Amino acid sequence: MVEEAVPEPRPRGVRAVGAVGGAPRPIASVAAGESLRRGTGLGELDRVLGGGLVQGSVVLVGGDPGIGKSTLALQACGALARQGVPVLYVAGEESPEQVRMRADRLGIAETGVLIVAETSADAVADLIEQTRPAAVVVDSIQTLHTAALASAPGSVGQVRESAALLVTRAKASGVACFLIGHVTKEGTLAGPRVLEHLVDTVLYFEGDGAHALRVLRAVKNRFGSTNEVAVFEMGEGGLAEVPNPSAAFLAERPAGAPGSAVLATLEGSRPVLVEIQALVSRSGLAMPRRTTIGLDPGRVALLLAVLEKRMRMPLHDQDVFLNVAGGLRIDEPAADLAVVAAVASSARGRPLADDVVIWGEVGLTGEVRAVGRAESRLREAARQGFRRCVLPASNARGLAAVDGTRAEGVAALDQLFEALALA
Ligand code: TYD
Ligand code: MG
């Protein structure tokens, strides 16, 4: 049961915010006003936002607790304030003293960011009117409550009603608004997926708490593409932009170890090289273990079955562990071929050549299927100094070598084994 606020009946003739009347007319006669954008000073954040922060837009930033949402938001505040842009940081979870300590660590305490500890959405809305900042950060939306509802803060009704109030106010006054939300383990923004349709942009901040690399991705953006991702690294002085994600993800790759394969995957529209690691070892269990980190377990089970059936690789009495190094999560079928190569390499105890990059989708009969953007993956492999790419044959046709990096097409798994000397 979700509590709903009963709205005051609107007096006749008064329009809701955002709705504008007038007669229908051809779309070409509407003036194409370019919405006002402002660079935040964090280049990677701007890229994911679609080229800067749009005035009056509302951005929801979701992510697991402790992933660095507050840090990112405070850094963006500092970067904006440094340009003389007035910004307000509403702390609902932490005391101003705690935020000050973090600001010191980030080196932005002296930039003039305004801070207030507040959990009443109505008070935050009034503060926006009074202080007229260009941008406001609400950390987090789950701590806000409004007097319009009687239910407890954090309930779905409260979160939705508070967000709706702030969205209306932000639109009316042209203030850009960042709402920070915690994601539960199930991947929902603490129940209120409902917020996603209220806001203009939804960003997810992901990563594995044990690693320093973080990926910021847009899953909805009314003002830009959802294909952009940014990679950050969490360090002593906060989040640093990672200009070369491939090099960062491959930094600790072991040389000459069986079970390690380099995959060219797409993060948004950007090709990134990552290492897929497999460990295949004799199992003492009746039901051998299948453990995957960063890959879909169902997909991996399918690939293991294909290896067993088509390549006669005995895996039914083996434990299989798979991991994407660096804490990245991959759900692209293009990862299949690299997963198969890593598993086969570990099972055979033979390392793959260390100058080869692999990608392609694998079908149930062991055929290798084409995937998108083969050329940009090949370019990225060449840029990172790899000499060979093993990819679907249908992609390789008509693909010329880039800077001496060859494209070797394979149409089925036996050809993959051949190409990688695993046969
Ligand atoms: P935080 O932004 O508080 O996460 P969230 O708001 O998403 O819950 O960041 C939490 C972690 O980041 C914390 O474990 C400490 C780490 N951190 C650094 O490593 N370096 C830094 O400069 C800062 C500010 C935080
Ligand atoms: Mg936080």
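This is a short tutorial chat about reading the sheets, the ligand shell and an aromatic pair in a predicted model.

Student: Let's start with sheets. What holds the strands of a sheet together?

Tutor: Strands in a sheet pair through backbone hydrogen bonds, in a parallel or an antiparallel sense. Here, nine strands make an open sheet with mixed pairing, ordered β5-β4-β6-β7-β3-β8-β9-β10-β11.

Student: Which strands stand at the edges of that sheet?

Tutor: β5 (114-117) and β11 (238-241) do; each has a single partner strand, so one side of each lacks a neighbour in the sheet. On average, neighbouring strands here are turned by 25° against each other, ignoring direction.

Student: Can you show me one pairing up close?

Tutor: Sure. Take β3 (residues 58-63) and β7 (residues 176-182): they run parallel and are joined by six bridges. If you click on Val58, look for its bridge partner Cys177 in β7.

Student: And how does the seven-stranded sheet run?

Tutor: That one is open too, again with mixed pairing, in the order β14-β15-β13-β12-β16-β19-β20. Its edges are β14 (290-293) and β20 (406-410), each with a single partner strand, so one side of each has no neighbour in the sheet. The average turn between neighbouring strands is 30°, direction ignored. For an antiparallel example, try β12 (residues 260-267) with β13 (residues 270-282), paired over eight bridges. There, Ala264 has Leu273 of β13 as its bridge partner.

Student: Now the ligand. Which residues come nearest to ligand 1?

Tutor: Of the 16 residues around ligand 1, the nearest are Gly66, Ser70, Thr71, Gly235 and Gly238. For polar contacts, look for N or O atoms within 3.5 Å of each other. A backbone N or O atom of Gly66 sits 2.7 Å from a ligand 1 oxygen, and a polar backbone atom of Ile67 is 3.4 Å from an oxygen of ligand 1. Arg105 uses its side chain: an N or O atom there lies 3.1 Å from a nitrogen of ligand 1.

Student: How much of ligand 1 does the protein bury?

Tutor: Alone, ligand 1 exposes 560 Å², and the protein buries 75% of that. The elements giving two or more residues to the shell are α2 (69-82), α3 (96-106) and β10 (229-235). By type, the shell has four nonpolar, seven polar and five charged residues.

Student: Last one: how many aromatic pairs are there?

Tutor: There is one. The ring centres of Phe205 and Phe232 are 6.1 Å apart with planes at 80°, so the pair counts as edge-to-face. Phe205 belongs to β8 (residues 201-207) and Phe232 to β10, so the pair ties together parts 27 residues apart in sequence.

Note on methods:
Residues numbered from 1 in each chain as written. Chains lettered and ligands numbered in written order. Predicted model: local features only at pLDDT ≥ 70, side-chain atom pairs only at ≥ 80, totals over all residues. Heavy atoms only, no water. Pairing = 2+ DSSP bridges. Helix = DSSP H or I, 4+ residues; strand = E, 2+ residues; numbered from the N terminus. Axes fitted to C-alpha atoms, helices over the stretch in contact; angles between N-to-C directions. Near = heavy atom within 4 Å. Polar contact = N/O pair within 3.5 Å; in protein donor to acceptor, adjacent residues only side chain to side chain. Areas by Shrake-Rupley, 256 points an atom, 1.4 Å probe, with all protein chains shown as cover. Nonpolar A, V, L, I, M, F, W, Y, C, P; charged D, E, K, R; others polar. Phe/Tyr/Trp six-rings, centres within 6.5 Å; stacked < 30°, edge-to-face > 60°.
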